[in-house]
Amino acid sequence: MKLFGLVKPPLVEGPGIVFGIPVPHNFPLAYKLADGSAILPVTTTVITTWIIMAFLVLLFRWGTKDLSLENPSKKQAFFETLYHFYDSVVGQILGKWKDKYLVYISSLLTFLFISNTITFFPVPWLSRTDVGWSLHYLFRAPTADLNTTVGLALITTMAFLSAAFATSGPVGYFKGLLEPFPLMLPLNIVGEGAKPVNISMRLFGNMFAGSVILGLLYKAAPAVVPAPLHLYFDLFSGAIQSYVFTMLTMVYIQGALGDAQPE
C-alpha cells in the first residue's frame with residue numbers, strides 16, 4: 001500500500017513494538033536498546049488484546065443493564081440467546097459439570113472469536129518513520145502471536161489438571177499415567193504434554209498462515225483488495241479455529257473428570 005511515497009507491505013510482519021516501558025537492565029524480558037537503556041516492549045498484539053478486553057468489559061456492562069422479567073428489551077433477548085447458546089454448547093460436552101466451567105469456556109470462546117476475526121475490520125493507523133508516514137492496520141490478531149496461544153493453552157492445562165487432581169487426587173492422577181500397564185508411562189506423559197502443544201500450535205499456525213497468505217497477496221497485487229479471501233481467512237477460518245480450540249479444551253477437561261459427578 002503506497003502512502004506519501006512509502007511502500008508498506010501489510011500483514012506479513014510479526015508483532016511490531018508500539019512503545020516501551022523503561023525498566024532496569026536486569027528486569028525479566030527486558031529489551032536492550034542501542035543507547036544502553038532497557039525497555040519492556042509493548043507490541044501490537046498487547047495493544048489489540050487490551051482493546052478487546054476493554055470492548056468486552058464495556059459490551060457486557062452495557063448488556064446487563066436495565067434487565068427486566070416482564071418486558072425484556074431486544075438487547076436483553078440477544079444476550080439471553082447468547083447465554084443459552086453457551087449453556088447448550090458446554091452442557092453437551094461437560095454435562096452436569098457445565099455450571100463449574102461455563103464462565104471459563106464462554107469467556108474463552110468469546111475472546112478467541114473476537115481475536116481471530118478482528119482483522120476483518122481494517123481500521124487504519126498512521127505512524128511516522130525515518131522516511132515518512134506509514135499506513136498500518138490498527139489491529140493484529142492476537143492469536144497470530146505464539147505468546148497468546150501458549151498462554152491460553154497453559155490456562156487450559158491448569159484447568160484439566162486441576163479437574164483431574166480434584167476428582168482423582170494427585171496420587172490417583174499419577175496412577176492413571178501407569179494404565180493400562182506401567183510400560184505405557186512414557187507414552188502417557190508425552191500424551192499429556194502434547195495437549196497444550198497441540199491446541200496452541202494449531203491455533204497459532206492457522207491464524208499466522210492466514211495472515212502471511214493475505215500479506216503475500218497484498219504484496220503481489222497491492223491495488224487489488226481480495227475481499228473474498230478476507231471473508232474466508234478472517235471470518236470463516238477464525239470462527240472455526242475458535243470453536244476447535246474451545247471444543248478441545250472441553251474434551252481435555254471431560255477426559256480429566258472421567259465418570260466423577262459434581263457434589
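**Helices, rings and loops in a predicted model**

Helix α1 is built from 20 residues and reaches 28 Å from its first C-alpha to its last, close to the 28 Å expected at 1.5 Å a residue. The model in which this helix appears is a predicted one, and α1 is one of 6 helices that, with 7 strands, make up the secondary structure of the chain. Read from the N terminus, the order of elements is β-β-β-β-β-α-α-α-β-β-α-α-α. Of the 263 residues of the chain, 34% count as buried, and among contacts between residues at least 6 apart in sequence, 63% join residues at least 24 apart.

The buried residues of α1 are Thr44, Thr45, Ile47, Thr48, Thr49, Ile52, Leu56 and Gly63. Their cover includes both strands and helices, namely β3 (17–22) and β5 (38–43) together with α2, α3 and α4 (146–176). The UniProt record, an unreviewed entry, lists residues 38–60 under "transmembrane region", along with 101–126, 146–166, 203–225 and 231–253. In the model, the span 38–60 is 74% helix and 26% strand, and its end C-alpha atoms lie 38 Å apart. The span 146–166, by comparison, is 100% helix and 0% strand, with its end C-alpha atoms 30 Å apart.

Between α1 and α2 runs a loop that contains Asp66. Although Asp66 is not a glycine, its phi is positive, at about 55°, and the residue counts as exposed because its relative accessible area is 70%, where the cut-off for exposed is over 50%.

Helix α2 follows, covering residues 74–94. At 1.5 Å a residue its 21 residues should span 30 Å, and the end C-alpha atoms are indeed 30 Å apart, so the expected and modelled spans agree. Which of its residues are buried? They are Lys75, Gln76, Phe79, Tyr86, Asp87, Val89, Val90 and Leu94. These residues cover an arc of only 165° around the axis, and therefore lie on the same side of α2. The general geometry of an α-helix helps in reading such a pattern: with 3.6 residues a turn, residues three or four places apart point the same way. On the face of α2 turned away from the buried side are the exposed residues Lys74, Phe78, Thr81, His84 and Gln92, whereas the buried residues pack against α1 (44–63), α3 (98–117) and α6 (227–257). After α2 comes Gly95, whose phi is positive, near 55°.

Aromatic side chains offer another way to follow the contact between α1 and α2. The structure holds 12 aromatic pairs. In one of them, the rings of Phe60 and Phe79 have their centres 5.8 Å apart and their planes at 65°, and the pair is edge-to-face because that angle is over 60 degrees. The pair links distant parts of the chain, with Phe60 in helix α1 and Phe79 in helix α2, 19 residues apart. Phe60 is partly exposed, at a relative accessible area of 31%, while Phe79 is buried, at 13%. Another edge-to-face pair is formed by Phe120 and Phe121, with 5.6 Å from centre to centre and 85° between the planes; Phe120 counts as partly exposed at 28% relative accessibility.

The Phe60 and Phe79 rings also belong to a wider grouping, since ring pairs link Phe60, Trp62, Phe78 and Phe79 into a cluster. Trp62 has a charged partner as well: the charged end of Lys75 sits over its ring, 5.0 Å from the ring centre. A similar arrangement involves Lys195, whose charged end sits over the ring of Phe160 at 5.1 Å from its centre.

Further along the chain, Ser162 is found in helix α4 and is partly exposed, with a relative accessible area of 40%. Ser162 and Ile253 are 91 residues apart in sequence, yet their C-alpha atoms are 9.1 Å apart in space. The loop between α4 and α5 (185–220) holds Pro180, and the peptide bond that joins Glu179 and Pro180 is cis, with omega at about 0°.

Methods
Residues numbered from 1 in each chain as written. Predicted model: local features only at pLDDT ≥ 70, side-chain atom pairs only at ≥ 80, totals over all residues. Heavy atoms only, no water. UniProt positions renumbered as here; feature names shortened; annotations may be inferred. Helix = DSSP H or I, 4+ residues; strand = E, 2+ residues; numbered from the N terminus. Expected span 1.5 Å × (residues − 1). Buried < 20%, exposed > 50% of the residue type's maximum accessible area, 1.4 Å probe, protein only. Arc of directions from axis to C-beta. Contact = heavy atoms within 4.5 Å. Phe/Tyr/Trp six-rings, centres within 6.5 Å; stacked < 30°, edge-to-face > 60°. Lys NZ or Arg CZ within 6 Å of the ring centre and 35° of its normal.
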